[in-house]
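Here are some exercises to work through with the structure open beside you. Try each task on your own before reading its solution.

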Amino acid sequence: MTQTTFSFANGKTVNRIGFGAMRLTGQPRNFGPYPDWQGGIDLLRQARELGINHIDTARAYGPHHNERLIADALLTDDGTYGDMFIASKGGVEKDATSMSRDTSGATLLRHLDESLANLRTDRIDLYYVHMPDGVTPITESVAALEQARQGGKIDMIGLSNVTRAQVEDAQKVAPIAAVQNRYSPADARDDALEKLIDWLDDQGIAFVPHGPLGANPMKHGATVDPQRALQTLLARAPNMLVIPGTTSIAHLQENADAWVA
């Protein structure tokens, strides 16, 4: 039987079907606040009711607004996220027409503090380097996040849009808990990526595919059958954590039902 949960090295366990919250932003370009704010709150709360406990966001989504929506929806009366597992990212700057990357240590720490404020928490479960900027060594980026981890601001460090060599360099500085790269049954086979997934599994590192349904990150719409794609991904490797996004409660239910469809 396929394992329905994944446990990180620190003992935290998540359901392997999560929720990518990026679409709960203004459009186009995932910029600005989600126009149906209460509808977004209802959707996130329904995800929690369905047992989806891994929520993926980023400072750049909105920017800021997506994290704030998650806080409005999922913070409990005691000011915590309870059993929910929140992952966010830093290192990308975005406005209505353009995007830039800055993964210097100082910027990542500033972005992390902004994410903490947006999410109204003092600790985030998992924080990613969103996308290496091509200038800052990955070791510098990870060293900054390790400083934050040692200071109690995050539990775990993740890397997004990286190569195996970058992960190996990062591991020399701090433990890496998750890697988030684009991966979908709709995409052409990439042998290096396939090998990376297997290597990460051997390392006990989660692989979290973004774009799992083949969608363009700046446009709506899956290009493959969602349930079949999710089933393919979940069967691919036990460290695969899927985070399909949607703005529809009906589609959310269908995604959550991928195990039994």
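A residue counts as buried under 20% relative accessible area, as exposed over 50%, and as partly exposed in between. Keep in mind that this is a predicted model.

**Exercise 1. Salt bridges across the chain**

Task: Find the partner of Arg 120 in a salt bridge, and decide whether each of the two residues is buried, partly exposed or exposed.

Solution:
- Step 1. Look at the side chains: Arg 120 meets Asp 72 in a salt bridge, with 3.0 Å from N to O.
- Step 2. Place the two residues. Arg 120 sits in the loop between α3 and β8, Asp 72 belongs to helix α2 (residues 65–74), and 48 residues separate them, so the pair links distant parts of the chain.
- Step 3. Apply the cut-offs. Arg 120 has a relative accessible area of 44%, so it is partly exposed. Asp 72 has 32%, and therefore it is partly exposed too.

Task: Now do the same for Arg 110 and Glu 93, which also form a salt bridge.

Solution:
- Step 1. The closest N and O atoms of Arg 110 and Glu 93 are 3.1 Å apart.
- Step 2. This pair also links distant parts of the chain: Arg 110 is in helix α3, Glu 93 is in strand β6 (residues 92–94), and they are 17 residues apart.
- Step 3. Arg 110 is partly exposed at 38% relative accessibility, and Glu 93 is partly exposed at 26%.

**Exercise 2. A salt-bridge network**

Task: Start from the salt bridge between Arg 189 and Asp 191 and find which residues are joined in its network.

Solution:
- Step 1. The side chains of Arg 189 and Asp 191 come to 2.7 Å, N to O.
- Step 2. Follow the shared partners: Arg 189, Asp 191, Glu 194, Asp 198 and Arg 236 form one network.
- Step 3. Check the accessibility of the starting pair. Arg 189 has a relative accessible area of 64%, so it is exposed. Asp 191 is partly exposed at 46%.
- Step 4. Set this beside the total: a search of the whole structure finds 18 salt bridges.

**Exercise 3. Two helices side by side**

Task: Work out how helix α5 (residues 164–171) is oriented relative to helix α6 (residues 191–203), and which residues make the contact.

Solution:
- Step 1. The two helices pack at an angle of about 25°, and their axes are 11 Å apart.
- Step 2. Angles under 35 degrees count as roughly parallel, so α5 is roughly parallel to α6.
- Step 3. From α5, the contact uses Arg 164, Val 167, Glu 168 and Gln 171; from α6, Leu 196, Trp 199, Leu 200 and Gln 203.
- Step 4. Sort these residues by type: 4 are nonpolar, 2 polar and 2 charged.

**Exercise 4. The surroundings of two residues**

Task: Describe where Thr 121 lies and what surrounds it.

Solution:
- Step 1. Thr 121 is in the loop between α3 (105–119) and β8 (124–129).
- Step 2. A polar atom of the Thr 121 side chain lies 3.2 Å from the backbone oxygen of Arg 123.
- Step 3. Not counting residues up to four places away in sequence, Thr 121 touches Tyr 81 and Leu 116.

Task: Do the same for Gln 166.

Solution:
- Step 1. Gln 166 lies in helix α5 and is partly exposed at 22% relative accessible area.
- Step 2. Leaving aside neighbours within four places in sequence, Gln 166 contacts Pro 132, Ile 138, Leu 159 and Asn 161.
- Step 3. Take Pro 132 as an example: Gln 166 and Pro 132 are 34 residues apart in sequence, and their C-alpha atoms are 9.4 Å apart in space.

Conventions: Residues are numbered from 1 along each chain as its sequence is written. This is a predicted model: local features need pLDDT of at least 70, side-chain atom pairs count only at pLDDT 80 or more; totals for chains, interfaces and linings use all residues. Side-chain values use heavy atoms; hydrogens and water are left out. Helices (H or I, at least four residues) and strands (E, at least two) are DSSP runs, numbered from the N terminus. A polar contact is a pair of N or O atoms within 3.5 Å; within protein, one must be able to donate a hydrogen and the other to accept it, and residues adjacent in sequence count only if both atoms are side-chain atoms. Contact means heavy atoms within 4.5 Å. A salt bridge is a side-chain nitrogen of Lys or Arg within 4 Å of a carboxyl oxygen of Asp or Glu. Buried means under 20% relative accessible area, exposed over 50%, partly exposed in between (1.4 Å probe, protein chains only). Axes are lines fitted to C-alpha atoms, for helices over the stretch in contact, and angles run from 0 to 180 degrees between N-to-C directions. Angles under 35 degrees count as roughly parallel, over 145 as roughly antiparallel, 65 to 115 as roughly perpendicular and the rest as oblique. Ala, Val, Leu, Ile, Met, Phe, Trp, Tyr, Cys and Pro count as nonpolar, Asp, Glu, Lys and Arg as charged, and the others, Gly among them, as polar.
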